Structure formats: structure tokens, C-alpha cells
Amino acid sequence: MPEKLGTLLVNAGHLTPAQLDEAAEHARQDGGSLSSAVVALQMVTDAEIATVLSGAHRFPSIDLASITVETTVLERLPAGFARKYTVMPVARKGPRLTLAMCDPTNLFAIDDARRRAGCNTVEIVVASENVILDAIERHYGSETALVPVGGLAGPEAEEKAEEPLNPEDFTGLDSLVEIGADAMVEEEPEGELEDEDSIDLADLNRSAADSSTVSLMNRLLVLSVQRGASDIHIEPYEKFLRVRFRVDGVLEEIVKLPNAARDPLLQRVKIMAKLDIAERRLPQGGRFKRTLRLEGRSRELDYRVSVLPTLRGEKAVLRLLDKSNLMLDMTRLGFEPASLERFEAAIAKPYGIVLVTGPTGSGKTNTLYSALTALNKKDTNIMTAEDPVEFELEGVNQVQIRENVGLNFASALREFLRQDPNVVLVGEIRDYETAEIAIKASLTGHLVLSTLHTNDAPSTVSRLVNMGIEPFLVGTAVNLIQAQRLVRRICPKCKRDVTDEIPKRALLESGFAPEEIDAVRVHAGRGCEACRGTGFKGRVGLYEVMEVSDAIRDLVMVGATAVEIQKKALEEGMLTLRMSGLQKVRDGVTTLDEVLKETVL
């Protein structure tokens, strides 16, 4: 619109080309529009702008300053909509809505107004931008939705947002966002879904860069770090936008925002992650970095972003990859002494495969990075293929998988074997080809570390066989299989003995031996300020470490079932996930409920 209005004013004789250039420069420096600039410089009046727009587009002009709009008309279009498109509803007669606009060529705004107001026809009248904004303020009141509170504001907001974040600049949850009474009206009409083809990219860019949106996004990032969150979930629903944090593996609702915040906030996420803001029909992934100043020290935060189209818009999940939380000392991960000894012995071997299994979010990456740290010496060539590379490890050659250019796990692993490696890490064995190359690498003098998604250690053998790998190759190549889960730690500041509150039958059914029922003590957290009333602080791992001994290798080669393999492993001293969990209950590390939630007998 700005260039078009400038041309109209020059052609109408209200501006010279030199004045147009001066006004355009003023608008760029001030951060406002050309319309506001020419009025502020007293080159043209608002009335003259309205007359020019009326003559050019053949719509009547209107003097909004002398008109009071009825409340029933204002209710048809909420304040958020009026500010978004710089429009003002003037009157409504039956199925006909009269709408004042400063850009009558904006067909998206006209169509959206028709749909939201429930009218068949929209009659356009024109007025200058300043006059429409004044009318909006006069009728709807000052803007209160998504107002920056004690944080970023003004034209410098976007620039400052890229600087290191300081928690002192942002308030806590109570003032995370201020929502005006009219803001919740900005929602999709009941029963209707958004028209995905009606996208005003310029408007989305402006909204995403708005100081209130930038400030809100920065507040969420800072608050997530203060809460110790691993993930931020931004989820659109019919009547609101929900933000949740995953803290210690559990999702907590942080705030519900009006739908007016949905598109600006999602576009802000996309801009930070350098994603395509115009694409709203396909999933996208990216990442970005921010620096947080905390207690006088700078802390670099790396976020992995996933955007997925849902019924009511796009859902974004931001996973915080915080290297300061990466625990590379295996003795502190929660291994039982015998299990740790077996794991360390397996990764110390010069060749063979070590597999770590478990669902997403079970700490597999931390375990493998800990193993690499223990193996990382000047005389060892370590190569990894990861999707994505979550943390950069000095002294390790890490390769980012890029499926779109043909660089998958199998091709990377095949090329690794030409790079003279000692240790190879494959992020995940997903298919037969990758599994086959990994086994061949292990049989030709390389130590291979990788992950699989299985429920426990013994069933991993069946998973490999189902992929097409011959049982004799599995038995020969695999040195150790480890399954793991994460459970929440009891908060040490409010820890208390709750043994008397738990029936002895529940202890027996959970797996405790009858002879230890009277002696075992069970603990839980009362809830305090340190753990924000949850009773938990941090997480610890449960580990099921199955060493592939000669006896188990024989069972694998003859096609034994997972049950048979587990029975033999238990005879040789393996602790199941449940047994590992019960030991941590005995030690007062976690609660019985946490163990029961994550494991089975």
C-alpha cells in the first residue's frame, strides 16, 4: 500500500517526488507508515488522503471523527481484527456491513470481515490510516491484548530481541501476558475452520515482528529456562492458544492465550528458526540459538523446532538442547554398580555393537554421549551420524543426516568405513540396510554404538531379526543391549517417609520380595517452593543392561524367544527396568508411583 498511496498523492499534485522520498525516509526511520509520515510532516492532511483514495478507487470517503458507531456494530468485528487490518466497522443494515478502510484493495480483509460479521455484502468507504486508528481507539479503547509488561517495547524491540536475554528484563508467570476483555473475542466462529489459502504474508511478518509478540516469545523462552523445561508446546485450539512446558518429563500448562496471538506467535517461531512462513500445510523443522544472561554469566541455548499442521492451525514444539544439562559422567546417570560395570566393559571392547533402546525422551542420547566422552582420546577416531546433531562434542567428527540430499544413516555409515574410524555412532538403526552395514562394521574391527526403539533389552534381538538380519549375525556382532527409562527424582528439600501410607499388598504386587516388605522404606516429596509444589526435582535413569554372554549368544543363534533370552539374562544377574526402579525406591531416590508408571513386571 505505501508505494501505491505515494504514487496517488504525487499524481494528484499533493506531493512532489522529492517530498515523497523525504516522507518515505521519515517512515523508515520512524518505523511508521507513509500515510502517517506525510501527515506528520504536514505535507498532506488526512482529509486530502481520504479524497485521493476515494477518487482513485471510486469509493465514498467518510469523516469518522464525527460518527459514533453503535455497540451492536462493534460486536460484529473485534478490536483485534480492526487493528490487524486497520479497518473500522461503521454500520450494519440487514446482511450489509459498511466498513471504513485505508486500503480498499485488501481483498483478504474484506473477505475476512464478511465472514466474521456474518454479512453477505461489505460496502467500502475510505478514510486515512490515522483517522481509522483514532476511531478504533475511541470506540474499542486502548489495545491491551499481548501488551509487553516491563520488557521489550518500542521500535528497538526486534533488534534487542536478538541480543542476549536477561531474566531481569522479563517478569514471571503472573505478568507473562495481559489479555484485554475484547481479546478473547478474536477467535474462529464456531463450526468454521480457517481458510488456509487466505494468507497475508506482509501482515504476518509485521505481526511476528511486533514488539508485543517478540516480548511474549522472549518471556516464554526465559521462563522455560527458569522452570527447567525441556520442551515448549504451543498448541492451537478452537477458542484459545495453549502453551505448555515439559518439566522433568511431565507437561505443565503455563498459560492460555487468545486466538489473536496464534498467528503472530507461530510466525515469530518460524522466523527465528528460518522456516517458510508461507507454508502452513506441511510439517517443517529447524533450529535457532539464543544467549541468556544468568547471574552475570552468558548461557547459550539451542532450540530444535518442529511445526506441524493441526485442525485449528499449526502446533509448534521447541526442544531446548541445553549443553549445561548434559551429564557426561556415567557414574552420575543412575546406573547400579553391576550394570555400570557391564556397560563400561562393553564400550571398552575394540569391536562389536552396543545398543541403547527406549522411547523418545528416555535419555538415550545422554548415555551415548557419555560413552563417547569416555572413549574420546587423542589416539581414537570417533565418527557419528546423527539426526539431528544435538550437541557438539570436541574431538568427535559429527555428521548431520540430510535425507533430502540422499545423506541417510546407511550412506553415512558406508562412507565412515572409508574414513579409518575406531568408534562409530549411528543415531538410530531404522531399517535393514543400516542394520546390515552396522553389523558388517562391527565384524570388521569397529566399535559401533546405536539406538533402537524397543520396550526392553531381550526384545531388541527379535527386532533385529524382524528387520531381516540373520540370527547368527546378531549373536556374533552384538556385545551388549541396554534398555532405559527416566523417572523423576524426589525433591531433597521436602522428602519424607510415606511407608505407612502404602499398603503392604501394593509393595508385594510391585515386585518387592515378601521378606523385605517390613524393612523397605518408601519416600515421596511433600511439595515445597524449591520444587514448585510437585515433590520432584530432576530425573534419574532406570537401566536394564543385558550383556550378550556365550550362553545368550547360543540362544540367539538358535532363534530363541525374547522370554527365553530374558530368563537366561536374569540367571546371569541382569536387572530388569522394574528391578532397577525398585532399587531406587529402596534408596529413596524416586517414588513407587514413578517406577510403576514407567515399568512393568
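# Briefing: helices, salt bridges and cysteines

Helix 12 buries Arg262, Asp263, Pro264, Leu265, Leu266, Gln267, Arg268, Val269, Lys270 and Met272. That is ten of the eleven residues in this helix, which spans 262-272, so helix 12 is mostly covered. The model is predicted. Its fold has 23 helices and 18 strands.

**Overall picture**

- The protein has 601 residues, and 50% of them are buried.
- Its accessible surface is about 28,200 Å². Carbon and sulfur atoms hold 49% of that surface.
- Take the contacts with a separation of 6 or more: 67% of them join residues 24 or more positions apart.
- The salt bridge count is 31.
- The number of disulfides is zero.

**Helix 12 and its surroundings**

- Asp263 is one of the buried residues of helix 12. Its relative accessibility is 15%.
- The side chain of Asp263 forms a salt bridge with that of Arg280, at 3.7 Å from N to O.
- This pair links distant parts of the chain, 17 residues apart. Asp263 sits in helix 12, while Arg280 sits in the loop between helix 12 and strand 7 (284-294).
- Arg280 is buried too, because its relative accessibility is 7% and the cut-off for buried is under 20%.
- Lys274 follows helix 12 and has a positive phi, near 60°.

**Helix 20: the buried side**

- Helix 20 covers residues 550-557, and its buried residues are Ile552, Arg553 and Val556. They span an arc of only 105° around the axis, so they lie on the same side of helix 20.
- As a general point, an α-helix has 3.6 residues a turn, so residues three or four places apart point the same way.
- The buried residues of helix 20 pack against three helices and two strands, listed here by element: helix 17 (458-467), helix 18 (471-477), helix 21 (562-571), strand 15 (478-490) and strand 18 (536-547).
- Gly559 comes just after helix 20 and takes a positive phi of about 80°.

**Helix 20: salt bridge and surface**

- Arg553 and Asp550 join their side chains in a salt bridge, 3.3 Å from N to O.
- Both residues lie in helix 20, three residues apart, or about one turn of the helix.
- The two partners differ in cover. Arg553 is buried at 18% relative accessible area, whereas Asp550 is exposed at 59% relative accessibility.
- Met557 also belongs to helix 20. It counts as partly exposed, at 37% relative accessibility.
- Met557 joins Phe472 and Val558 in a nonpolar surface patch. Together the three have about 310 Å² of accessible area.

**Other salt bridges**

- Asp387 and Arg430 meet through their side chains in a salt bridge of 3.5 Å, N to O.
- Asp387 is in the loop between strand 11 (382-386) and strand 12 (397-400), and Arg430 is in the loop between strand 13 (423-426) and helix 16 (432-443), so the bridge ties together parts 43 residues apart in sequence.
- Asp387 is partly exposed, with a relative accessible area of 35%. Arg430 is partly exposed as well, at 38% relative accessibility.
- A network of salt bridges links Glu235, Arg242, Arg244, Glu253 and Lys315.

**Cysteines without disulfides**

- The structure holds zero disulfides. Cys494 is in none; its nearest cysteine sulfur belongs to Cys528, 3.7 Å away.
- Cys531 also has Cys528 as its closest cysteine by sulfur, at 3.7 Å. That is too far for a bond, because a disulfide needs the sulfur atoms within 2.5 Å.
- Cys494 is buried, with 3% relative accessible area. Cys531 is buried, with 2%.

**Contacts of Asn366**

- Asn366 is placed in helix 14, residues 364-375.
- Beyond its neighbours within four places in sequence, Asn366 contacts Asn325, Leu326, Met327, Leu328 and Leu333.
- Leu328 is 38 residues from Asn366 in sequence, yet their C-alpha atoms are 7.0 Å apart in space.

Key
Residues numbered from 1 in each chain as written. Predicted model: local features only at pLDDT ≥ 70, side-chain atom pairs only at ≥ 80, totals over all residues. Heavy atoms only, no water. Buried < 20%, exposed > 50% of the residue type's maximum accessible area, 1.4 Å probe, protein only. Helix = DSSP H or I, 4+ residues; strand = E, 2+ residues; numbered from the N terminus. Arc of directions from axis to C-beta. Contact = heavy atoms within 4.5 Å. Patch = residues over 30% accessible without salt bridge, like charges linked within 9 Å, V, L, I, M, F, W, Y side chains within 5 Å. Areas by Shrake-Rupley, 256 points an atom, 1.4 Å probe, with all protein chains shown as cover. Salt bridge = Lys/Arg side-chain N within 4 Å of Asp/Glu carboxyl O.
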